[in-house]
Amino acid sequence: MTNNDKQAIWQSIQDFSVMHEEPQFMLDLRQAGFETYEDLELPRIDKVKYHRWPLIDTTIDAGVQGEMLAEDFSQGAAKARLVQVGSQTLLEQVPQDLVDQGVIFTDIFSAMRDYPELVQANYFTKAIKADESKMTAHHAAFMNNGIFVYVPDNVQIDQPLEAKIFQDSRVKQGFNHHVLIVGGQNAHFSYVENYQTLGDEKNPASIMTEIIAADGAVIKYAAIDELGENTHAFFNRRGDFGRDAQIDWAIGMVNDGNIVGDFDTDLTGVGSHSEIKVVGLSAGRQVQAVNSRVTNYADHSIGHILQKGVILDRATLTFNGIGHIIKGAKGADAQQESRLLMFSDQARGDANPILLIDENDVTAGHAASVGRVDPDELYYLLSRGIPLKQAQRLVIRGFLGSVITAIPSKEMRDLLVDTIETKLMSLD
């Protein structure tokens, strides 16, 4: 890249920042990321060679937008809901009772303008650091849309906050989406999101989620990732914990393209707790990799990982599970389980459990398996008159059920089931 090219790209970033009225701290963060991302390394994901994937794009704003969606997302006024397409926000809907309690659920640019100190204190400062890798620095420089959630101290929300996010691949443009969720002390709430792709342009996606849970907060996060087959994507989701805080993750990775999911949890608060549940479904020739890491820094912290995946055709699915108990984290608990089912001789699955234990007074364990469907289960269904292909789909749905049931929104659960069912039709 020539100096003239770099100057033109930096000018486009500055123009984008001015257009969205970003505060100075954001422009400074963009500049630092822009100046360093080319010199940094990609994150290491064991068993996955993704370094030649086209994950880096320097277009922050294509200058054109695809047509807006005809679908009406405003149904159900009682729901807190947000809908975004590319760099545009189509709908922000927050019930008045939540507004009265101080809940913020808005796009990232509005949050920077209206609540700059709150965003600055948490954006790329606690859960993820912008200078960690090539992907984080690039994301800091080229972030072009996102969501901000804030739930104040002692506020409890019964219904999940819902976000529907569309990568707009009807135009040629990178998709760098950022979700920042901040829960105050003893706040209790759920957040669910769904990523989809519109169009078939070959665009990369960098999607990062930071969850900051203060002392005693309980946050349930769920996501269904359905990006298109022409999208190479890097997901980075990470939590930061106060004392006795809890973050539960339920993630369905049912994308069609090549995907890396890097999910990290740092249990820094005494008594903090995290459950990571991941479903992966790979088909065709796609490559998906999930790297779930839990690090127990604090006494009596609990981190559990459950990963289940199904592989069809010539696809590849890799599960890395890393549990690390740091010296001094007495009474910590680290458990992990990774299971993969393959439905083809040409499918490839890897389940890699890693336990790093630097303290004696702890509980830790792991389990992993890669194999075919249990013939006894199939025989039972077949003996009841169920055709083979239908029996296979029933077994798969049961196999993945422990993650599906963890999603707090019925609408999202049904969406994940329907998406899985559509993919499993290829078994016919």
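When I say two residues are in contact, I mean they have heavy atoms within 4.5 Å of each other. Keep that in mind, and keep in mind too that this is a predicted model.

Okay, let's start with R372. You'll find R372 in the loop between β19 (363-371) and α7 (375-383). Setting aside the neighbours within four places in sequence, R372 is in contact with L341, M342, S344 and D345. Take M342 from that list: R372 and M342 are 30 residues apart in sequence, yet 5.3 Å apart in space, C-alpha to C-alpha. And is R372 buried or exposed? Well, neither: with a relative accessible area of 47%, R372 is partly exposed, because the exposed label needs over 50%.

Staying with loops, two more residues for you. E21 is in the loop between α1 (3-19) and α2 (24-36), and K47 is in the loop between α2 and β1 (81-85). Each one has a positive phi without being a glycine: near 55° for E21, and near 70° for K47. E21 counts as exposed, at 55% relative accessibility, and K47 counts as exposed too, at 56%.

Now over to helix α9, residues 410-424. How far apart should its ends be? There are 15 residues at 1.5 Å a residue, so the helix should span 21 Å, and the end C-alpha atoms are indeed 21 Å apart.

So what's buried in α9? That would be M412, L416, T419, I420, K423 and L424. Look down the helix axis and those buried residues fall within an arc of 135°, so they line one face of the helix. On the other side of α9, K410 and T422 are exposed. As for what that buried set packs against, we have the strands β5 (161-168), β7 (188-198), β9 (218-226), β11 (246-253) and β13 (273-282), plus the helix α8 (388-404).

Last stop, the largest pocket. Rolling a probe the size of a water molecule over the atoms shows where empty space is left. In the largest pocket, that space comes to about 230 Å³. Its lining is P43, R44, D46, E132, R238, D262, D264, N291, R293, I322 and I354. Which elements give two or more residues to that lining? Those are β12 (259-267) and β14 (287-296). By type, the lining residues divide into 7 charged, 3 nonpolar and 1 polar.

That's my tour, thanks for listening.

Definitions and conventions:
Residues are numbered from 1 along each chain as its sequence is written. This is a predicted model: local features need pLDDT of at least 70, side-chain atom pairs count only at pLDDT 80 or more; totals for chains, interfaces and linings use all residues. Side-chain values use heavy atoms; hydrogens and water are left out. On a 1 Å grid over the protein atoms alone, a cavity is a set of points where a 1.4 Å probe fits but cannot get out, and a pocket is an open set with protein on both sides within 12 Å along at least five of seven lines; lining residues have an atom within 4 Å of a point. Grid points are joined across faces, edges and corners, and a volume is the space filled by probe spheres set on the points. Helices (H or I, at least four residues) and strands (E, at least two) are DSSP runs, numbered from the N terminus. Ala, Val, Leu, Ile, Met, Phe, Trp, Tyr, Cys and Pro count as nonpolar, Asp, Glu, Lys and Arg as charged, and the others, Gly among them, as polar. The expected span of a helix is 1.5 Å times one less than its number of residues. Buried means under 20% relative accessible area, exposed over 50%, partly exposed in between (1.4 Å probe, protein chains only). The arc is that of the directions from the helix axis to the C-beta atoms.
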